[in-house]
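New to this one? Take a look at the model first, then read on for a quick tour.

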Amino acid sequence: MNRQTPCNRSVRLINYENETAEPISIRNKVDQKSSTSAKPSLDAVRALESLVICPICEKRLKAPKMLQCQHTFCLACLEIAYWQQKQQDYIACSTCESRHALTSAVLSDLPSNLYIDSVLQVLSQPTTGTNGDSKQTLSASHATSSDAPNEEASTCRKCDTISSVMMQKCNHCDQVLCAICWQSHMDQLIKQVQQLDVQLNSAIKKMEHKMSNYKIRFTNLNLQIKAHFEEKVQALKRQECSIQDESQRILNDGLCAHELVMEKIRRLRTAIGDNAIGTQGNFVHVYLNLHKEISIVFEEIAHWGEKIIVFDQKKSKIEVIGSNEDVGYSADCIDNDKQHTKCDTIRPGKLGTEEAVFNFYKNHAFKPKLFWNKCHRPAGVGVAPWKHETIEQTLLYIAGAESRLIYVVNRASGDILQRIVHDDMAYPNGITFDESKQEIFVSDKWKHCIFVFSSDGTFLRQLCDKGDQEGLLRAPEGIAIGPSGVLFICDTGNDRIQCVSPTNGRMLSQFGRIPKDQLLKASQTKTPTRYVDLKCPMGVAVHDDKVFVLDSGNRRVKIFNKQGEKILEFGQVGSVIGQFQYPEVIAVDPSGFILVGDGGNAKVLIYNPNGSFVTALGCRGDKAGRFNWVSGLFVTKDREIIISDYKNHTVQVIA
């Protein structure tokens, strides 16, 4: 067999039967099918070229060798990079920067990349010209020989030897090889299989290393979790100690109060023994003083121990229910006019300073004057600023929410003098009055409008309608008339306060959560409009030039000027005295003190004009002096407080 060297690319035929033959012209196996199908497209050639570029020298690969990371380089480039390393027990990949251990410094033992070899073989073939210049030529006499008339000749992809026999095709790389190149090809595959085993061993070590790091990370994680919860436990222990200290403080206060009461009792018993003769001229005076002091002691005895100390597990704190500040007045002492639990010598009409008003609310013993229970589900309440023609006194107006009417009641006797009704009235809620015109304004929560009646109950007009634009309402509740006659409406469903004309309902200004389109429209129409954070405002009151808004959704009281600019706000959520649960109604007394009816806490909370808490009236219950859900609130000029209770179906007048 005549074998051609790689340097000489002339094609010769191997004659395995030792027969001599002259060169003949023969077509390649691919050329026999189509002379034009062997020509690769330009895009395909460019794609193949990109696969056979060495990342180091950036030229076509020569003697390509593959590392364990599957990256391929020229053998010469690898040798240069290898000898430039400080250590020669590994070879570093310049692409992924991974290091691969070497068992030998002979880099030619590294496996070849058979896929790259195949691509290089394809790219090394000459392209077919239009005139068939690349056709291979063999001996014409051998091509026409009768010894192999039907056999096709194949070309070895390694050495370019052409033969029709002893050729084998590799199913792995799809190359046709002669018998000599086949054995070399098999040796390369064996090396690659051995290299795969080396890679698997390296992968095992890598996974073991990763698992070790993985366990270390979880060990550190568990330590962090343990430290976090140890800190939590310590914080809980500190909180426990603090709560126990608070409990001990309350106990000590109770013991101290108990000792003070016992000391008063002992002192009074001594005083009674000293004055038991009764023959002295001033004995009546002594008797009155003793009676007064004993009454005070009895009241203290009655209230001592009324505090209910509970531990709120959800909030992790102690709460005191039923303290003296919690109950401004008690039903137990309502009917006993001779007992004076607090100083009641201050007359409401003589309060000239803020300090005097503060002392009045703080020390006055409020007692129910009227306990009225003739209305189912009462809502807003109010006292007309004009006197009735017959009885010569101001009358009490009560909105019967589910009765769909307004009760006119004599405050002294509780008699119903009149019922104001209208066919369209669905759920009357808020009540206010225009003193100059003697008109009654009633907000209807379900009808989304305002009904206006005369002082004798005659229907006059209806203001506004349902909607969210200017002058329209959605579930209005609290209403109030300002000093200038402007009607302020809690547009609860639209989260805003509207100021409208009491004559025709035309909107004059508004503030609250105003949508952008309305803000733009208001700027064009020059309508005073201001965006303010209000959520379901349910109560409004006007005093002097200030507007007091009960922002029920945010549990806050917010004070504005007439332009809608916020001046002050206060309030916080909670069940402690002075905090809000579900506040619904608000009122302002003649001195600017603010009263808030909180249905959730069943109290009426009183604050001074700067928002500081003063005292609380009432507690939960269904008797006189107690509430279940405060739904209406009004303060008269004489500081009589009128409170409607939605759940107890009562209206109380306390003074």
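Out of the protein's 655 residues, 40% count as buried. Keep in mind that this is a predicted model. The protein exposes about 36,800 Å², and carbon and sulfur atoms supply 52% of that area. As for secondary structure, you'll find nine helices and 37 strands. Among contacts with a separation of 6 or more, 47% are between residues 24 or more positions apart.

Now for the inside. The largest nonpolar core has 21 residues, and those touching the most other members are Tyr 397, Ile 406, Ile 420, Ile 431, Phe 433, Ile 440 and Phe 453. The elements giving two or more residues to this core are listed here:

| Strand | Residues |
|---|---|
| E12 | 378-387 |
| E13 | 394-400 |
| E14 | 405-409 |
| E16 | 428-434 |
| E17 | 439-444 |
| E18 | 449-454 |

Apart from this core lies another one, made of 20 residues, including Tyr 361, Leu 595, Val 630 and Ile 643.

What is Ile 406 in contact with, leaving aside its neighbours within four places in sequence? Its partners include Tyr 397, Ile 420 and Ile 431, along with Gln 418, Arg 419 and Val 442.

Further along the chain, four strands make an open sheet in the order E27-E28-E29-E30, with antiparallel pairing. Strand E27 (537-543) and strand E30 (566-570) are the edge strands, each pairing on one side only. On average, neighbouring strands of the sheet are turned by 20° against each other, direction ignored. Strand E28 (residues 546-551) and strand E29 (residues 556-561) run antiparallel and are joined by six bridges. Leu 550 has Val 557 in E29 as its bridge partner.

Technical notes. Residues are numbered from 1 along each chain as its sequence is written. This is a predicted model: local features need pLDDT of at least 70, side-chain atom pairs count only at pLDDT 80 or more; totals for chains, interfaces and linings use all residues. Side-chain values use heavy atoms; hydrogens and water are left out. Two strands pair if DSSP finds at least two bridges between them. Axes are lines fitted to C-alpha atoms, for helices over the stretch in contact, and angles run from 0 to 180 degrees between N-to-C directions. Buried means under 20% relative accessible area, exposed over 50%, partly exposed in between (1.4 Å probe, protein chains only). Contact means heavy atoms within 4.5 Å. Accessible areas come from the Shrake-Rupley method with a 1.4 Å probe; for residues, only the protein chains shown count as cover. A nonpolar core is a set of buried Ala, Val, Leu, Ile, Met, Phe, Trp, Tyr and Cys residues joined through side-chain atoms within 4.5 Å.
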